[in-house]
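Subject: Structure handover

Hello,

Here is the structure for your files. Notes on what was found in it are below.

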Amino acid sequence: MDKSHEQKRASYYLYPPIEPFDRRMLDVGNGHTVYMEQCGNPAGVPVIVLHGGPGGGSSPMMRRFFDPSYYRVILFDQRGCGRSRPHASVEANTTQHLIADIEAIRSVLGIRRWLCFGGSWGATLALAYAQAHPDRAAYLVLRGVFLGTQDELDWFYGGGAGRFFPEHWARFVDLIPEDERHDLIAAYHRRLFSADFSLEARFSRLWADWENALATVETRAYFETPVDYARAFSRLENHYFTNNCFFARDGQLMQDLWRIKDVRGAIVQGQFDMICPPTTAWNLHRKWAGSTFRLVPMAGHALSEPGITSELVRVMDGLRDEKFLLDAD
């Protein structure tokens, strides 16, 4: 990262704040309703924004990576989180349900093809959606790549990342009895789904705080995540990770890259991402012929890091000159 990045906040690179021209709740079945919004140019090139987690929810900042005069930006809160209801619910909440929800949004909005913009779990979901519906994905923009593999979960919940941050790792592990520490995802699952709200709240915060502490290269201090957010985030992440992200086999997204052989995309990855190490993004790029790869120096995992933010805006601005996007809708 150059000196200018060190002196500028992420907001410097973003477009000005905007308000949606459309907000609605969409009934997707199984007792779930998802929050959805549109902003930018109603007649512009459509892009759907896929937030992380699972369970992270969307935010107003996510509207600002796109030229509002060119893009029609669609955000939604995935099942069980954000403004979607029921809150923190894992019932009928799988990767396949989320893919179906994305298709339902596309159909309701009358969009033929769109760009998929996602980071972390959002990158996972973008790839899974594109592999299920390659004719609907005009282009993928992926940040902080996570492929939902056991190797990645072992890194973050099996002690790999903890070797670099022993104090934070101790906070995450110490309240778990020693005889359960061989499988921390399972140990947390028993507590996050205990039906004891106070116990769930306590361990939800510990789960969320462990991830938040490692999200950026600059801030490593703990802060207490609000319980309402932490409970949805932690329960949903743990639910998905307990079930191998609902993939039929480990490594499915990499094995099925042939399904998107005609889809292009850009990968933006922080060099010092401790949550999703760069080797995953690099291996994806090497096997995906239609991709470009940008390793951002001195950057971590978070969408809000200045180097990550500036690169993502640069990618989206650059795509305005791509003629193939003009038929996206």
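The notes cover one aspartate and then the cysteines.

This is a predicted model, in which local features need pLDDT of at least 70 and side-chain atom pairs count only at pLDDT 80 or more, while totals for chains, interfaces and linings use all residues. Residues are numbered from 1 along each chain as its sequence is written, and side-chain values use heavy atoms, with hydrogens and water left out.

D273 sits in the loop that links β7 (265-270) to α10 (278-287); helices (H or I, at least four residues) and strands (E, at least two) are DSSP runs numbered from the N terminus. D273 is buried, meaning under 20% relative accessible area with a 1.4 Å probe, protein chains only. D273 has no salt bridge (a side-chain nitrogen of Lys or Arg within 4 Å of a carboxyl oxygen of Asp or Glu). R143, the nearest side chain of opposite charge, is 5.9 Å away; Lys and Arg count as positive, Asp and Glu as negative, and His and the chain ends are not counted.

What does the side chain of D273 reach at 2.8 Å? The partner is the backbone nitrogen of C276. The D273 side chain also makes a polar contact (N or O atoms within 3.5 Å, one able to donate a hydrogen and the other to accept it; residues adjacent in sequence count only if both atoms are side-chain atoms) with the side chain of H301, at 2.7 Å.

C276 is itself buried, at 4% relative accessible area. The structure holds zero disulfides (cysteine sulfur pairs within 2.5 Å). For C39, the nearest cysteine sulfur is that of C116, 16 Å away. The sulfur of C276 is unbonded because the closest cysteine sulfur, in C245, is 11 Å away, too far for a bond.

Regards

Key. Buried < 20%, exposed > 50% of the residue type's maximum accessible area, 1.4 Å probe, protein only.
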